[in-house]
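Here is a set of exercises to work through with the coordinates open beside you. Try each task before you read its solution.

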Amino acid sequence: MKREIRVGLCGCGVIGEGLVTALLDHADVITARAGAPIRLTAVADKDSARLDIVRGRDASVALLDDAFEVVKREDVDIVVELIGGVEVADRLVRAALDAKKHVVTANKALLAERGAALFELAEKNGCDLYFEAAVAGAIPVIRVIRESLAADHIRSVRGIINGTSNYILSSMANDGAAFADALKAAQEAGFAEADPTLDITGGDAGHKLALIAGLAFGARVLPKEIPTEGIDRVDPRDILYARKFGYVIRPLAVAERLQADALDLRVHPALVPEADPLAHVDGALNAVAIQGEMVGPSFLSGLGAGAHPTATSVAGDIVDIAKNALAGAPVRTWHLPSEGKLKIQPIGDLSSRYYLRFSVRDESGVLAALSGKLGDSGISIELMVQDVEAGDEGTATIAILTHHAREGDVRASLSAIDETHLTTAPTHLIRIVE
Ligand code: HSE
């Protein structure tokens, strides 16, 4: 038997607890697949109660209240960072890499914000820095892009990579709930954080998309550079109109290579045709659709969050690193290469079809004036429905799908329309992704 590989866990929250379960209860398969035993030697959490999952199960595991103590230990080869946040996690991962320990993290915010420097440090110190659990939980999207598709030119990656927002939009579609009620129900069901800001504003998906863009295209992108819109402006009426037109609204993240040096990156709710596989990814599920030059379309789906699914990805990374270490081949897989600065297409230059919802005065000539103004801006209407608002006499809703148009032109036209007396509320725009 080869030597054992020793793991130190920093942070014993939801995923940490799942990892403890995986390492202790699945030790047989893990040992067989790694080629040596993988032993949990230390677990740290500021909240002592969280260490109860280990207490009484394996007396040999050191229980600590300071994650930085884990990094200093002689009996730790791989540090697992599950404390979250950016500043302290950054210092912890740096300390681990400086101590020449391999690192596994699920921290997408840390890697999206500070990844370039951390991957450089890992490489310099001959350490692995793995992060499968940071994107889409249990779905092996990192491994697929980095290894399975290593020989292909990736054209695009489109995905539902935030389970909370997919759960909320699905509840709104299935139960007719308003956004605020669907969010409350998601929190009560344990699918949304007490502070769900990053999920519903698209920030969490932006972190994940920055990592995907790095792996798929070699782009060094910061989350703040990605045009991002949350799901909080989606109204139940949009879901109903989308359905009338044959579409479903999903929280999408899109990464597409446009030319050699330019990318289309964006996070926003989108109308997706009912026939698209992404339209069938319901509830808290995640999915990633990858289009490659040689591989064609690939589709991965599964659980993007939760203790056991996410811990499975962390444990898989540990096994991979253990195999590298046992073979004397650390840094076997590349981290985030850079092809130099790729441009991100300004969102105003996007060419897309759009869903538009106008609140208008229900008077003769309004529809003609509206379509005339869109036509004057070169925006062509493909489909249209009009409803007179029940209980709101004198107003009507007009929902339109446009043909392809430049987003800057559409937004300029909508601003001009909303400045006239034609509309009674700001017009609502949602992009169509197909
Ligand atoms: N808050 C995230 C989500 C968890 O809802 O998808 C996994 O990153």
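Is Ala136 buried or exposed? Ala136 counts as buried, because its relative accessibility is 1%; buried means under 20% relative accessible area, exposed over 50% and partly exposed in between, with a 1.4 Å probe and protein chains only.

Some ground rules before we go on. This is a predicted model, in which local features need pLDDT of at least 70 and side-chain atom pairs count only at pLDDT 80 or more, while totals for chains, interfaces and linings use all residues. Residues are numbered from 1 along each chain as its sequence is written, and side-chain values use heavy atoms, with hydrogens and water left out.

**Exercise 1. Examine the backbone at Ala136 and Val331.**

Step 1. Start with the general expectation: most residues other than glycine have a negative phi.

Step 2. Check Ala136, which is not a glycine yet has a positive phi of about 60°. Ala136 sits in the loop between strand 6 (129-130) and helix 6 (141-148); helices (H or I, at least four residues) and strands (E, at least two) are DSSP runs numbered from the N terminus.

Step 3. Check Val331, where phi is also positive, near 55°. Its place is in the loop between helix 12 (307-326) and strand 12 (343-344). Val331 counts as partly exposed because its relative accessibility is 23%.

**Exercise 2. Describe the surroundings of the ligand.**

Step 1. List the shell, using the rule that a residue is near a molecule or strand if one of its heavy atoms lies within 4 Å of it. You should find Lys108, Asn162, Gly163, Thr164, Asp199, Asp204, Lys208, Gly304 and Ala305 around the ligand.

Step 2. Sort the shell by character. One residue is nonpolar, four are polar and four are charged, where Ala, Val, Leu, Ile, Met, Phe, Trp, Tyr, Cys and Pro count as nonpolar, Asp, Glu, Lys and Arg as charged, and the others, Gly among them, as polar.

Step 3. Assign the shell to elements: helix 7 (163-175) and helix 10 (203-217) each supply at least two of its residues.

Step 4. Look for polar contacts (pairs of N or O atoms within 3.5 Å; within protein, one must be able to donate a hydrogen and the other to accept it, and residues adjacent in sequence count only if both atoms are side-chain atoms). An N or O atom in the side chain of Thr164 is 2.5 Å from an oxygen atom of the ligand. For Asp199, a polar side-chain atom lies 2.8 Å from a ligand nitrogen atom. The side chain of Lys208 places an N or O atom 2.8 Å from an oxygen atom of the ligand.

Step 5. Work out the cover. On its own the ligand has 260 Å² of accessible area, and the protein covers 85% of this; such areas come from the Shrake-Rupley method with a 1.4 Å probe, and for residues only the protein chains shown count as cover.

**Exercise 3. Characterise Thr164 within the protein.**

Step 1. Locate Thr164 in helix 7.

Step 2. Classify Thr164 as buried, because its relative accessible area is 9%.

Step 3. Find its contacts (heavy atoms within 4.5 Å). Leaving out residues up to four places away in sequence, Thr164 touches Phe191, Ala192 and Asp199.

**Exercise 4. Characterise Ser352 in the same manner.**

Step 1. Place Ser352 in strand 13 (residues 351-361).

Step 2. Ser352 counts as buried because its relative accessibility is 3%.

Step 3. Beyond residues up to four places away in sequence, Ser352 touches His403, His404, Ala405, Arg431 and Ile432. With Ile432, a polar side-chain atom of Ser352 lies 3.3 Å from the backbone oxygen.

**Exercise 5. Relate sequence separation to distance in space.**

Step 1. Take Val319, which is found in helix 12. Val319 and Gly35 are 284 residues apart along the chain, and their C-alpha atoms are separated by 8.9 Å.

Step 2. Turn to Asp232, in the loop between helix 10 and helix 11 (236-245). Asp232 and Leu401 are 169 residues apart in sequence and 21 Å apart in space, C-alpha to C-alpha.

Step 3. Finish with the domains, whose bounds come from an automatic or database domain assignment. The assignment gives domain 1 (5-137 + 307-327), domain 2 (141-303) and domain 3 (348-432). Taken over C-alpha atoms, the centres of domain 1 and domain 3 are separated by 51 Å.
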